Amino acid sequence: MTEHDREVIACGYVGLTAPDLSAWRSFGTEGLGLQVAGDAAGGEDALLLRMDERAWRIAVLPGPGGLAFSGWEVRDAPALERLAERLAKAGADPRADDALAARRGVAELLCCMDPSGNQLEFFHGARISSAAFVSPTGASFVTSAAGPGDLGFGHIVISYAEIGSALEFFFGTLGFRHSDIIMLAGDPWHFAHVNPRHHSLALGPGPRSSALEHIMLEVTDLDVVGRSFDYFTDSPFALSTTIGKHTNDLMVSFYVKAPGGFEVEYGCHGRLIDDATWTTAMYDSASFWGHRNVG
Ligand code: FE2
């Protein structure tokens with residue numbers, strides 16, 4: 001696979017489900033510092049949240065609490081066309097969906113399922129809001145490095161009962177690059193990057209067919225992480241861990257349970273990868289210190 005074949009350049013957005021959108025609204029704004037999108041990206045019954053110049057980055061839809069879809073960004077229309085051909089050749093049955101593109105507020109969109117039936121959306125042309133992003137907690141989110149929005153919204157961690165086919169799909173068909181492996185309870189968890197962010201996706205073996213373990217949001221300032229930790233400590237929302245530092249991406253973060261299911265990791269100081277010099281490593285622990293379970 002050549003560099004030209006690696007069309008996916010960022011995890012641009014994520015769709016989540018939650019049984020109580022008003023709880024998620026407080027969780028996301030007061031706790032995480034996200035801004036409710038003033039102009040919804042197209043009439044869906046969803047809570048849309050902003051973290052930068054994009055019209056939205058996180059959609060929360062009514063549902064049980066989990067992953068509804070993930071939006072993977074490509075550079076332009078030719079890249080999406082190349083990706084469609086490769087996905088079709090791999091038997092992934094990609095479908096262009098103009099109505100969904102309009103709902104998501106993107107120029108063009110392609111939809112398919114991963115081997116465990118998680119909805120993947122590949123797109124280009126994300127809408128930029130004319131209104132400035134204003135965080136209710138003063139948070140500034142890390143979504144850019146060399147260019148606007150090039151790091152994506154953060155990362156997603158998913159467990160797969162059939163990990164082999166998921167690894168083949170993401171690393172083989174889509175061309176995600178290995179960042180490293182962490183051995184957890186004897187099982188390898190694979191961390192994958194599609195841009196300098198250490199990982200946009202991590203996947204490992206799970207007891208269920210497929211489950212969202214957590215999403216991660218990165219801010220620029222340790223004080224914002226600390227104040228958010230204090231907010232959740234005093235709030236009805238349940239913290240999962242103390243603050244700690246990860247071994248592989250060096251993120252200083254904590255985990256909190258989102259209303260309805262899965263966890264949100266909130267941190268700062270994550271490392272960036274330079275593919276020219278990167279060497280894949282293996283770790284026997286997820287954290288240098290902290291991240292003690294409190295849930
Ligand atoms: Fe994480």
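Reader: What makes the approach between the side chains of Ser179 and His193 a polar contact?

Author: In this predicted model, the side chain of Ser179 comes to 2.8 Å from the side chain of His193. A polar contact requires a pair of N or O atoms within 3.5 Å, one able to donate a hydrogen and the other to accept it, and the pair of Ser179 and His193 is counted as such a contact at its 2.8 Å.

Reader: Why does Ser179 count as buried?

Author: The relative accessibility of Ser179 is 0%, and buried means under 20%, so Ser179 is called buried. This residue is found in strand β10, and, leaving aside neighbours within four places in sequence, the residues in contact with Ser179 include Phe191, His198, Ile273, Trp278 and Thr280.

Reader: How do you know that β10 and β11 pair, and in which sense?

Author: Two strands pair if at least two bridges are found between them, and strand β10, residues 177-184, shares seven bridges with strand β11, residues 187-193, in the antiparallel sense. One of the residues involved is Ile181, whose bridge partner in β11 is His190. The hairpin that these strands form has two residues between them, and Ala185 takes a positive phi near 50° there.

Reader: In what sense do β10 and β17 pair, and over how many bridges?

Author: Strand β17, residues 281-283, pairs with β10 in the parallel sense over three bridges, which satisfies the requirement of at least two. Within β17, Tyr283 stands opposite Ile182.

Reader: What is the order of the strands in the open sheet, and why do β17 and β18 stand at the edges?

Author: The open sheet has 10 strands with mixed pairing, in the order β17-β10-β11-β12-β9-β13-β16-β15-β14-β18. Both β17 and β18, the latter spanning 287-290, have a single partner strand each, so one side of each is left without a neighbour in the sheet. On average, neighbouring strands of this sheet are turned by 25° against each other, with direction ignored.

Reader: Which atoms make up the coordination of the iron ion, and at what distances?

Author: His155 and His214, each through NE2, and Glu265, through OE, coordinate the iron ion at 2.0 to 2.2 Å. Donors are N, O and S atoms within 2.8 Å of such a metal, so these three residues qualify at their 2.0 to 2.2 Å. Along the chain, the donors follow the spacing H-x58-H-x50-E. His155 lies in strand β9, residues 155-160, and His214 in strand β13, residues 210-219, so the pair ties together parts that are 59 residues apart in sequence.

Reader: Are His155 and His214 buried or exposed?

Author: His155 has a relative accessibility of 1% and His214 a relative accessible area of 10%. With buried meaning under 20%, His155 counts as buried, and His214 is buried as well.

Reader: Which strand does β13 pair with in the parallel sense, and over how many bridges?

Author: Strand β16, residues 263-268, pairs with β13 over six bridges, and in β16 the bridge partner of Glu218 is Gly267. Helix α5 packs on the sheet, touching β13, β15 and β16, and the direction of α5 makes about 25° with that of β15.

Reader: How is the packing of α1 and α5 described?

Author: Two packed helices are described by the angle between their axes and the distance between the axes. Helix α1, residues 21-31, and helix α5, residues 222-234, pack at an angle of about 145°, with their axes 10 Å apart. On the side of α1, Ser26, Phe27, Glu30 and Gly31 meet Ser228, Tyr231 and Phe232 of α5. By class, this contact has three nonpolar, three polar and one charged residues.

Reader: Why does Arg197 count as buried, and which backbone oxygen atoms does its side chain reach?

Author: Arg197 lies in the loop between β11 and β12, and its relative accessibility of 3% falls under the limit of 20%, so Arg197 counts as buried. The side chain of Arg197 reaches the backbone oxygen of Leu151 at 3.1 Å and the backbone oxygen of Gly152 at 3.2 Å. Leaving aside neighbours within four places in sequence, the residues in contact with Arg197 include Val142, Phe153, Met216, Glu218 and Arg271.

Conventions:
Residues are numbered from 1 along each chain as its sequence is written. This is a predicted model: local features need pLDDT of at least 70, side-chain atom pairs count only at pLDDT 80 or more; totals for chains, interfaces and linings use all residues. Side-chain values use heavy atoms; hydrogens and water are left out. Donors are N, O and S atoms within 2.8 Å of the metal (3.2 Å for Na, K and Ca); water is not among the atoms, so sites may look incomplete. Helices (H or I, at least four residues) and strands (E, at least two) are DSSP runs, numbered from the N terminus. Buried means under 20% relative accessible area, exposed over 50%, partly exposed in between (1.4 Å probe, protein chains only). Axes are lines fitted to C-alpha atoms, for helices over the stretch in contact, and angles run from 0 to 180 degrees between N-to-C directions. Contact means heavy atoms within 4.5 Å. Ala, Val, Leu, Ile, Met, Phe, Trp, Tyr, Cys and Pro count as nonpolar, Asp, Glu, Lys and Arg as charged, and the others, Gly among them, as polar.
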